[in-house]
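Grab a coffee and work through these exercises with the structure open beside you. Try each task yourself before you read its solution.

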Amino acid sequence: MSARVDAYIWAIRLTKTRSAAGDAYRGGHVRVNGATAKPAQHVSIGDEVRLRLGGRERIVEVTQVITKRVSPSAASACYIDKSPPPPAKEILASQPRRDRGAGRPTKRERREIDKLMRGGFLVSLAVVIALIGSACSSDSDDSGGNSNSNGSAAAPPAKAGSGPFFGECGGVTTEEVNNLAKLGTLTNTVNNSSVCEWSSSVDRTGPVASFNWYRGSPIGRERATEQLSRESTKDIEINGHKGFVASDTGICEIGIAFGADFFEWSVSAGTSSLNAQGPDTEQICDATRQLSTMSIERAS
C-alpha cells in the first residue's frame, strides 16, 4: 500500500493544512529517501520522508500509510520521528518572520529588516556591557558618542550593495558549469540579474546547478537556514573571502560574503545520486568550490 507524499505528510500532521502540504511538495521542500519528491511521488512503509518547513527539517520513517488526517496520538503511530531537536533560540532569532499573506519582502523592507537586526544586536551588546560595568564599578562615563574601547570611532555597518559586481551568472558559462559539475547536460533555464539556474529536467528532479546573488542580505541568516537542513555546515575561506559550505547526500552549497552582500553556488545531483552511479558529495563540493572561485576571480 502506498499514498501520495503530500497527502501523507498532511495526514500525519506535519503540516497544518492540505494546501500547505501541497505547496511544500511543489516547492521542492519534500524529499523521499534522500531525493526531491517527484510529481505524484508515492511513499510506502519503510520510506524516509524529509520536510523542510518554517526553518526546520522534519525527518520521519513511514510505519503505516494513511491519507486521511487523524488525531495527534493516532498520527504518531504512523511514523518514527527521526527529526533533529528544535533549533536554539539564537538561531531562530536570526530568521525574521513576516505576517502571513504579506508576500516576499520588497527591497526597502529587506533593508529595514537588516537595520533592525544590526540594531538589535548592538542594543543587546550595550546592555551586557552596561551590566558588567555596573557590577564592577559605580563610576559612570558620560562622554557619549560612537567610540570603542580605544577611543576611536566604531566602524559603521557594511553598506548594502557595496560588494563587487559578479556579472551574468556569476561570470560562469553554461559550458563551464557542465564541465565542472559532470552531471550530464544541464540547460540554462533561469537567467536574470540575481539568479541563474541550470537543470536537466523541467520538474527539477534531476541534476541542478544554480548561482544566486544577494545584495544587502546578511549571510548569517542564510547560513543559519542551511545549518538546520543540511547534514554538514562549515566555515570556509576562498581567496581571502569568508563564507560557508553546506552539504548533504548529493548536494553542496557554498556562500561567500562581501560586506553586506553575498553569493551562493549550489550543485545537486538530484535523483541520480541515489538511482544511478553519479558523483559523490565530495566531488560535487569540489565542483561547487571551483565555480565559487571562478565567480570571485571574475568579479569586477
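**Exercise 1. Count up the secondary structure and get a feel for the whole chain.**

Start with the elements: the protein chain has nine helices and 14 strands. Both are DSSP runs numbered from the N terminus, with at least four residues (H or I) for a helix and at least two (E) for a strand. This is a predicted model, in which local features need pLDDT of at least 70 and side-chain atom pairs count only at pLDDT 80 or more, while totals for chains, interfaces and linings use all residues. Residues are numbered from 1 along each chain as its sequence is written, and side-chain values use heavy atoms, leaving out hydrogens and water.

Next, burial. Of the 300 residues in the protein chain, 40% are buried; that means under 20% relative accessible area, with exposed being over 50% and partly exposed in between (1.4 Å probe, protein chains only).

Then the surface: the protein chain exposes about 17000 Å², and 52% of that comes from carbon and sulfur atoms. These areas come from the Shrake-Rupley method with a 1.4 Å probe, and for residues only the protein chains shown count as cover.

Last, contacts (heavy atoms within 4.5 Å). Among contacts in the protein chain with a separation of 6 or more, 53% link residues 24 or more positions apart.

**Exercise 2. Trace the sheet that contains S14, and find its edges.**

A reminder first: strands of a sheet pair through backbone hydrogen bonds, either parallel or antiparallel. Here, pairing requires that DSSP finds at least two bridges between two strands.

Step one: read off the order, which is S8-S9-S10-S14-S13-S12-S11, seven strands in an open sheet with antiparallel pairing. Step two: pick out the edges, S8 (187–191) and S11 (232–238), each of which pairs on one side only. Step three: look at the twist, which averages 15 degrees from one strand to the next.

Now zoom in on one pair. S8 and S9 (residues 195–199) share four bridges and run antiparallel. Val190 has Glu197 in S9 as its bridge partner.

**Exercise 3. Is S14 mostly covered or mostly open, and what stands opposite its residues?**

Covered: eight of the eight residues in S14 are buried. Asp261, Phe263, Trp265 and Val267 point one way, Phe262, Glu264, Ser266 and Ser268 point the other way, and all are buried.

On one side, S10 is joined to S14 by seven antiparallel bridges, and Trp213 stands opposite Phe263. S13 is joined to S14 by eight bridges, also antiparallel, with Ile254 opposite Trp265. The hairpin of S13 and S14 has two residues between the strands, and Gly259 there takes a positive phi near 65 degrees.

**Exercise 4. Which helices pack on the sheet, and what does Ser292 touch?**

Take H7 (residues 219–229) to begin with. This helix touches S11, S12 (241–248), S13 (251–258) and S14 (261–268), and its direction makes about 20 degrees with that of S12. Angles run from 0 to 180 degrees between N-to-C directions, and axes are lines fitted to C-alpha atoms, for helices over the stretch in contact.

H9 (residues 281–298) lies across S10 (208–214), S11, S12, S13 and S14, at about 25 degrees to S13. Ser292 sits in H9 and is buried, with a relative accessible area of 0%. Setting aside neighbours within four places in sequence, Ser292 contacts Ile238, Ile254, Phe263 and Trp265.

**Exercise 5. Describe how H6 packs against H9, then follow the chain past H9.**

Two packed helices are described by the angle between their axes and the distance between the axes. For H6 (residues 174–181) and H9, the angle is about 150 degrees and the axes are 9 Å apart. In H6, Glu176, Val177, Leu180 and Ala181 meet Ala287, Gln290, Leu291, Met294 and Arg298 in H9.

Beyond H9 comes a segment that holds Ala299, which is partly exposed at 25% relative accessible area. Ala299 and Pro164 are 135 residues apart along the chain, yet their C-alpha atoms are separated by 6.0 Å. Not counting residues up to four places away in sequence, Ala299 touches Pro164, Phe165 and Phe166.
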